[in-house]
Amino acid sequence: MAIVVQKYGGSSVGDAEKIKNVARRIAKAKGEGNEVVAVVSAMGDTTDELVELAYSVTDQPSEREFDVLLSTGEIVSSTLLAMALRAMGYEAISLSGAQAGIRTDAAYSRARIVGVDPERIVKELDKGRIVIVAGFQGVTEEEMDTTTLGRGGSDTTAVALAVSLGAEVCQIYTDVEGVYTADPRLVPEAKKLDEIGYEEMLELASYGAKVMHPRAVELGELFNMPIMVASSFTDSPGTLIHGGEAMEVRNKVTSIAHDLDVAKITMVGVPDRPGIAAAVFEPLAKANISIDTIVQNASIKNITDLTFTVAKSQLGKAMEVVKPIARSIGAADCSSDAGMGKVSIIGTGMQNTPGFAARMFSALSEKGINIQLISTSEIRITCIIDEDRVKDAVKALHRAFELEE
Ligand code: ADP
Ligand code: ASP
Ligand code: MG
């Protein structure tokens, strides 16, 4: 019997009716003669509500308690789904991340999976049961404390289980029909892709396309596990994320990503001498603040400006760290702007081909959109712009690179 690993996201299990719909889809896979393991996210906006609850009690929730609290969302959905399946006459059992053998490090809120012990899952499958696993969570090896894998992390649970159970493909069911040339909620003309390589998908996910958790894509690539992204509401074929050699390398942009969670910090009048960057970024790293784009201007009379971006939620903490440093190194000023966004064009076809950046910049300038910072990889160009121009920018780029065709 083949093992099928499916994952259903929050909007796919948003209410009782939707949970029953998912139960029917799982039952169908079981009826086709498969052993089925289904990973679920928390219902609808549950995780957001739990975060809000924590912050309504305290400004600085304990990291440990915070993760236990957030993990309960997936416990609710997994138990309800198991109940729905049982009501339909199927043997089903729900397992928490710990029971499913998901072992992680102790980095609360962004724990990494260090190993999976699938014995319990296998035992239940051997009994003929359907196994429902609470996504997004694991357990530390030392203290057996509950951890969470970072927002969107149920995708990563699913890929890790698909790998450790030896599934042929990991099926991710969500509220859109696959991976599109841009977020279909922003660009109605966006086209669904039939396939996409791991590398492009990883850039897309890392630069804001919520449809896949970046670490799930990373895991897929590492273990060569194909990932099928499809709708939980229709039977349309989805998008296959894979590393197959048949991938056509086109001289083309594949997709546009955007991200509204961007804040900018600028230090002006920074002395330009060795050790300054380290003096700024080491304390930020120690405070667990992830820095994204960094730009340092050419210096005039040994004085330069330093600009970098962080997630909006980390801006307050980052400014607390940076302000005293700015003073101690003698910078003239240190300011921040929380109203930024990011647009990126992504495509392996851009590699070693000139002209993409120029086309991107002119498409933005035609719309009067000011580019504040630019960063690139071999297969991506990202512009940091005002948050309220992101929607226009994505639409303009989608048209400029002829993605609706
Ligand atoms: P789930 O709850 O199933 O995990 P998410 O909300 O995390 O779903 O991700 C799905 C959402 O990702 C879609 O509703 C869509 O708005 C967004 N999205 C952003 N970029 C893309 C893209 N390029 N292709 C498909 N969906 C995208
Ligand atoms: N429920 C978690 C979140 O909202 C994990 C997930 O949905 O994958 O981020
Ligand atoms: Mg998700």
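Ala, Val, Leu, Ile, Met, Phe, Trp, Tyr, Cys and Pro count here as nonpolar, Asp, Glu, Lys and Arg as charged, and the others, Gly among them, as polar. The views below show a predicted model.

**View 1. Surroundings of ligand 2 in the predicted model.** The shell around ligand 2 comprises 2 nonpolar, 5 polar and 2 charged residues. Its members are Ser41, Ala42, Thr47, Glu74, Phe136, Arg151, Gly152, Gly153 and Ser154. Under the classes given above, Ala and Phe count as nonpolar, Glu and Arg as charged, and Gly as polar. Residues of this shell that make polar contacts with the ligand are shown in the next view.

**View 2. Polar contacts of ligand 2 with Ser41, Gly152 and Ser154.** The side chain of Ser41 places a polar atom 3.2 Å from an oxygen atom of ligand 2. From Gly152, a polar backbone atom is 2.8 Å from an oxygen atom of the ligand. Ser154 takes part through its backbone, with an N or O atom lying 3.0 Å from an oxygen atom of ligand 2. Taken alone, ligand 2 exposes 260 Å², of which the protein buries 86%.

**View 3. Surroundings of ligand 1 and its polar contacts.** Ligand 1 is surrounded by 17 residues, the closest being Thr174, Asp175, Tyr180, Asp183 and Arg185. By class, this shell has 7 nonpolar, 5 polar and 5 charged residues. A polar side-chain atom of Thr174 is 2.7 Å from an oxygen atom of ligand 1. The side chain of Arg185 likewise offers a polar atom, which lies 2.9 Å from an oxygen atom of ligand 1. At Tyr180 a polar backbone atom is 2.9 Å from a nitrogen atom of the ligand. Taken alone, ligand 1 exposes 570 Å², and the protein buries 89% of that area.

**View 4. The salt bridge between Arg64 and Glu65.** The closest N and O atoms of Arg64 and Glu65 are 3.0 Å apart. Arg64 is partly exposed, at 34% relative accessibility. Glu65 is also partly exposed, with a relative accessible area of 45%. The pair is one of 20 salt bridges that the structure holds.

**View 5. The salt bridge between Lys342 and Asp292.** The closest N and O atoms of Lys342 and Asp292 are 2.8 Å apart. Lys342 belongs to strand β16 (residues 333–346), whereas Asp292 lies in the loop between α8 (276–286) and β14 (294–296), so the salt bridge ties together parts that are 50 residues apart in sequence. Lys342 has a relative accessible area of 6% and is buried. Asp292, by contrast, is partly exposed at 30% relative accessibility.

**View 6. The network of salt bridges that includes Glu124 and Arg129.** Glu91, Arg120, Glu124, Lys127 and Arg129 are joined into one network by salt bridges that share partners. Within this group, the side chains of Glu124 and Arg129 meet in a salt bridge at 2.7 Å, N to O. Glu124 is buried, at 1% relative accessibility.

**View 7. Positive phi at Met144.** Met144 is not a glycine, yet its phi is positive, at about 60°. The residue is placed in the loop between β7 (137–140) and β8 (146–148). With a relative accessible area of 59%, Met144 is exposed.

**View 8. Positive phi at Lys301.** Lys301, a residue other than glycine, has a positive phi near 50°. Its place is in the loop between β14 and β15 (303–310). Lys301 counts as exposed, at 78% relative accessibility. For this classification, exposed means over 50% relative accessible area.

**View 9. The cysteines Cys170 and Cys383 in a model with 0 disulfides.** A disulfide is a covalent bond between the sulfur atoms of two cysteines. With a cut-off of 2.5 Å between cysteine sulfur atoms, the count in this model comes to 0 disulfides. Cys170 is buried, with a relative accessible area of 0%. Cys383 also counts as buried, at 0% relative accessibility.

Methods:
Residues numbered from 1 in each chain as written. Chains lettered and ligands numbered in written order. Predicted model: local features only at pLDDT ≥ 70, side-chain atom pairs only at ≥ 80, totals over all residues. Heavy atoms only, no water. Near = heavy atom within 4 Å. Polar contact = N/O pair within 3.5 Å; in protein donor to acceptor, adjacent residues only side chain to side chain. Areas by Shrake-Rupley, 256 points an atom, 1.4 Å probe, with all protein chains shown as cover. Salt bridge = Lys/Arg side-chain N within 4 Å of Asp/Glu carboxyl O. Buried < 20%, exposed > 50% of the residue type's maximum accessible area, 1.4 Å probe, protein only. Helix = DSSP H or I, 4+ residues; strand = E, 2+ residues; numbered from the N terminus.
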